[in-house]
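This briefing sets out the strand pairing and the nonpolar cores of one protein chain. Please consult it alongside the sequence and the coordinates.

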Amino acid sequence: MRTKLLLLAALAMLVIAACSSASTTAWTYPPETAGGGTAPTAAPASAEPASADVLGALEVNAIDLGFEPTELSVPKPGRYAVTLINAGQIPHDIMFPDGTKGTANAGESVKVEVDVPDSGLAFLCSIPGHADAGMQGAITVAGSTAGSSGSDDHGGPAPATNVEPNANAAAYTLHPAAAPELLPGEVHDIDLVIEEKEMTVADGFVQKVWTFGGTVPGPAIRVKVGDTVRIHLKNPATSQLAHSVDFHASQVAWNDEMTSINPGEEKLYEFKAEYAGVWMYHCGTSPALHHIANGMYGMVIVEPREGLGEDIHHEFAIVQSEWYLGPQGEPASLTKAAAAAPAPDYVVFNGVANQYKDNPIVVDTGHRVRLFVLNAGPSIDSSFHIVGTIFDSVIKEGVRLDPGNEGNFGSQAVDLAPAQGAIIEFETPEDGLYPMVTHAFNFVGRGALGLFQAGDGDPLN
Ligand SMILES: [Cu+2]
């Protein structure tokens, strides 16, 4: 009895499936009108109906978030089968101007048929936001110049820049994330040599940056309260510009230590580190906006006299900053940096877009991690956050949240206006990946993404 009921139910399902299939053959033209009393045609209930007049088959991969390839070519106009293979982690679809659409969940595929006219056919993913993020493409007819959607061919979010990427640009140099060691002794003589040089700031983009010590950011300097810091600033004769330095950890007259020096000159900038914290240093030569936007900044860590505590396994120094791209091989655009509503092409951690996404920072699970974080700007606020963690210790601009505080309060994101710094501690609860972002999320897709990898990075292993 039970078996018979099940059989009947299965049969009913089949009938429903067949009817619904017959009434939704959207690939026939013209598309039928909804709700119309459909005569029971003899359409086969095949999963992959194929028209006799199909000229060929095309495949498009959906990734998060883009199509690969974005440009497909067919030999002549006509009807084509297009299979969308969803190689991403979230659902995607492919939709054509006539409304033909196929949707595929992650790991699945779907086939549709479309008529490609001589002028070609654009397509996109119609899931809200996906087309804007780059999921657009086109089928063109060989020999025809029409039909391109005009979209770029990056296959991902288009860089928000008016500068063309250079496929021959040198690979970027990974900036080490490890925090510097405390300098021994109490008086520190430090050579800080200015260098104007080319640097790959993001894949495909080279700028003529101005640096302290040859890197962006410049070297992180770590001392303790009470120490004397003697900076020997040197501007080589080969430089094109005058430069200077302004240490926020110091209390000195602006028109004394911070004056500019010409190429071929040097000067001594001496100060006593009297307050603990994470401090910015930067070039202040006019226009200071341009000298900062073009790479002249770094971090000074001043520890309390008694230190910061020893129960820490890993320490990293992270500087957030912005790139307003100038033409390839030239300095950053002052015009773009000076806009009242700044729109950087890239927001980066330690000078290079996405470098710690490509090269995750490895930590041990179950050990405390300490970060020294500085927002060098020049103009955008940071909401510094590490996905999957809670900061239980934050010392930001002299204000502190201590672990084990009464009530057990914690912190999810540390707001750092330009030139603000913080010391942040957290623990990774399990092996896996913990993305580092500014939670001003429009910038995450523009370079402000890194990864902490706890253990082997695999939570299931
Ligand atoms: Cu400068």
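Which residue in the hairpin of E10 and E11 takes a positive phi? The residue is Gly204, with a phi near 90 degrees, in a hairpin that has 2 residues between its strands. The model is a predicted one. The protein has 461 residues, of which 37% count as buried, and its secondary structure consists of 4 helices and 28 strands. Among contacts with a separation of 6 or more, 72% are between residues 24 or more positions apart.

**Strand E10 and its partners**

- Strand E10 covers residues 187-202 and pairs with strand E13, residues 228-234, in the parallel sense through 7 bridges.
- Within this parallel pair, Val193 of E10 is placed opposite Lys234 in E13.
- E10 also pairs with strand E11, residues 205-212, here in the antiparallel sense and over 8 bridges.
- In the antiparallel pair, Thr200 faces Val206 in E11 as its opposite residue.

**The sheet of 5 strands**

- An open sheet of 5 strands follows the order E20-E28-E27-E22-E25, and its pairing is mixed.
- Its edges are formed by strand E20 (361-363) and strand E25 (414-416), each of which pairs on one side only.
- On average, neighbouring strands of this sheet are turned by 20 degrees against each other, direction ignored.
- The edge strand E20 runs parallel to strand E28 (residues 449-454), to which 3 bridges join it.
- Val362 has Gln453 in E28 as its bridge partner.

**The sheet of 6 strands**

- A further open sheet has 6 strands in the order E19-E18-E21-E26-E23-E24, again with mixed pairing.
- Strand E19 (346-349) and strand E24 (399-401) each have a single partner strand, so one side of each is left without a neighbour in the sheet.
- From one strand to the next, the twist in this sheet averages 15 degrees.
- Strand E18 (residues 314-323) and E19 are antiparallel and are joined by 4 bridges.
- Glu322 is the residue opposite Val347 in E19.

**The nonpolar cores**

- The largest nonpolar core contains 81 residues, and the members touching the most others are Val278, Met299, Val300, Val373, Ala422 and Ile424.
- Strand E21 (residues 368-377) supplies the largest share of this core, with 6 residues; E21 is also one of the strands of the 6-stranded open sheet.
- A second core, separate from the largest one, has 21 residues, including Val60, Leu84, Met135 and Val141.

**Met299 and Val300 in the largest core**

- Beyond its neighbours within four places in sequence, Met299 is in contact with Pro217, Ala220, Val278, Met280, Ala317, Val319, Phe372 and Leu374.
- Val278, one of these contacts of Met299, is likewise among the core members that touch the most others.
- Val300 belongs to strand E17, which spans residues 297-303.
- Why does Val300 count as buried? Val300 counts as buried because 25 C-beta neighbours lie inside 10 Å, where the cut-off is 20 or more.
- With neighbours within four places in sequence set aside, the contacts of Val300 are Ile221, Phe247, Ala249, Trp279 and Tyr281.
- The C-alpha atoms of Val300 and Arg222 are 5.8 Å apart in space, although the two residues are 78 residues apart in sequence.

How values were computed: Residues numbered from 1 in each chain as written. Predicted model: local features only at pLDDT ≥ 70, side-chain atom pairs only at ≥ 80, totals over all residues. Core = buried A, V, L, I, M, F, W, Y, C linked by C-beta atoms within 7 Å. Buried ≥ 20, exposed ≤ 12 C-beta atoms within 10 Å, placed from the backbone. Contact = placed C-beta atoms within 7 Å. Pairing = 2+ DSSP bridges. Axes fitted to C-alpha atoms, helices over the stretch in contact; angles between N-to-C directions.
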